[in-house]
Each structure stands twice: as structure tokens, then as C-alpha cells.
Amino acid sequence: MMNCQQTTRLLSDALERELSIKERTSLKVHTMMCSGCRNFGKQMGTLRGLTHEFAKGGLSSESPASSDSDLEK
Ligand SMILES: [Zn+2]
């Protein structure tokens, strides 16, 4: 299980390189449980890409659409 520091670093890395499946899975799991990192990922714009990748691979049952409507909570 990654901590928040590792997660935010990976979110930054995701902008510069392609993350491995393992890294993306770890990110996904952490951001599902941690609203702080989820918001950070949204701001970085990396979470959208992650979700898109998962949606393409059919690994997530979440709807990839219309997550922009609840930016502020
Ligand atoms: Zn976190």
C-alpha cells in the first residue's frame, strides 16, 4: 500500500513517463480511498488519464463519463 507521498510522486511521474500496470493499479487503489490524492490527481490531470486507461482495459466498472460535474465537494 502506497502512502500519500509516494502517490503524489507517481501522479507527477505520470505526466512525464508511462506508468507500469502495477503503478497505475496502486495509484487507482490509493486514490479511490484517499480524497486528498484524488483531488491532487484531478488537479494534475493525471487521474483522468488513469481512469481512461482502466476504462479501455475494462478493468473498472466505474463510468468514465461526466466526472467533471463534481469538482468541488
Ligand atoms: Zn493519499
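In the predicted model, G36 is found in helix α3, the helix that spans residues 35-44. G36 counts as exposed, because 12 C-beta neighbours lie inside 10 Å of it and a residue with 12 or fewer such neighbours is placed in that class. Although G36 and C4 are 32 residues apart along the chain, their C-alpha atoms are separated by 8.3 Å.

Helix α3, to which G36 belongs, packs with α1 at an angle of about 15 degrees, and the axes of these two helices are 10 Å apart. That angle makes α1 roughly parallel to α3, since angles under 35 degrees are counted in this way. The crossing in which α1 passes α3 is right-handed. On the side of α1, the contact is made by C4, T7, T8, L11 and S12, while α3 contributes G36, C37, F40, G41 and M44. Sorted by class, the residues of this contact comprise 5 nonpolar and 5 polar ones, with no charged residues among them.

Helix α1, formed by residues 4-13, also packs with helix α2, formed by residues 21-33, and here the angle is about 125 degrees, with the axes 10 Å apart. The helices α1 and α2 are therefore oblique to each other, because an angle of about 125 degrees falls outside the ranges for roughly parallel (under 35), roughly perpendicular (65 to 115) and roughly antiparallel (over 145). The crossing of α1 and α2 is left-handed, whereas α1 and α3 cross in a right-handed manner. In the contact between α1 and α2, the residues T7, L10 and L11 of α1 meet E23, L27 and H30 of α2. The residues of this contact divide into 3 nonpolar, 2 polar and 1 charged.

T7, which has its place in helix α1, appears in the contact with α2 and also in the contact with α3. T7 is buried, because 22 other C-beta atoms lie within 10 Å and the class of buried residues begins at 20. When neighbours within four places in sequence are left aside, the residues in contact with T7 are M2, L27, H30 and C37. T7 and E23, which are 16 residues apart in sequence, lie 9.2 Å apart in space when the distance is taken from C-alpha to C-alpha.

In an unreviewed entry, UniProt places a domain feature named "Putative zinc-finger" at residues 4-38. In the model, the C-alpha atoms at the two ends of this span lie 10 Å apart, and the span itself is 77% helix and 0% strand.

For the chain as a whole, the model contains 4 helices and 0 strands, and the pattern read along the sequence is α-α-α-α. Of the 73 residues in the chain, 18% are buried. Among the contacts in the chain with a separation of 6 or more, 51% are accounted for by residues 24 or more positions apart.

How values were computed: Residues are numbered from 1 along each chain as its sequence is written. This is a predicted model: local features need pLDDT of at least 70, side-chain atom pairs count only at pLDDT 80 or more; totals for chains, interfaces and linings use all residues. Axes are lines fitted to C-alpha atoms, for helices over the stretch in contact, and angles run from 0 to 180 degrees between N-to-C directions. A crossing is left-handed if the near helix is turned anticlockwise from the far one by less than a right angle, and right-handed if clockwise. Two residues are in contact if their C-beta atoms, placed from the backbone, lie within 7 Å. Ala, Val, Leu, Ile, Met, Phe, Trp, Tyr, Cys and Pro count as nonpolar, Asp, Glu, Lys and Arg as charged, and the others, Gly among them, as polar. UniProt positions are given in the numbering used here, feature names are shortened, and annotations may be inferred rather than shown by experiment.
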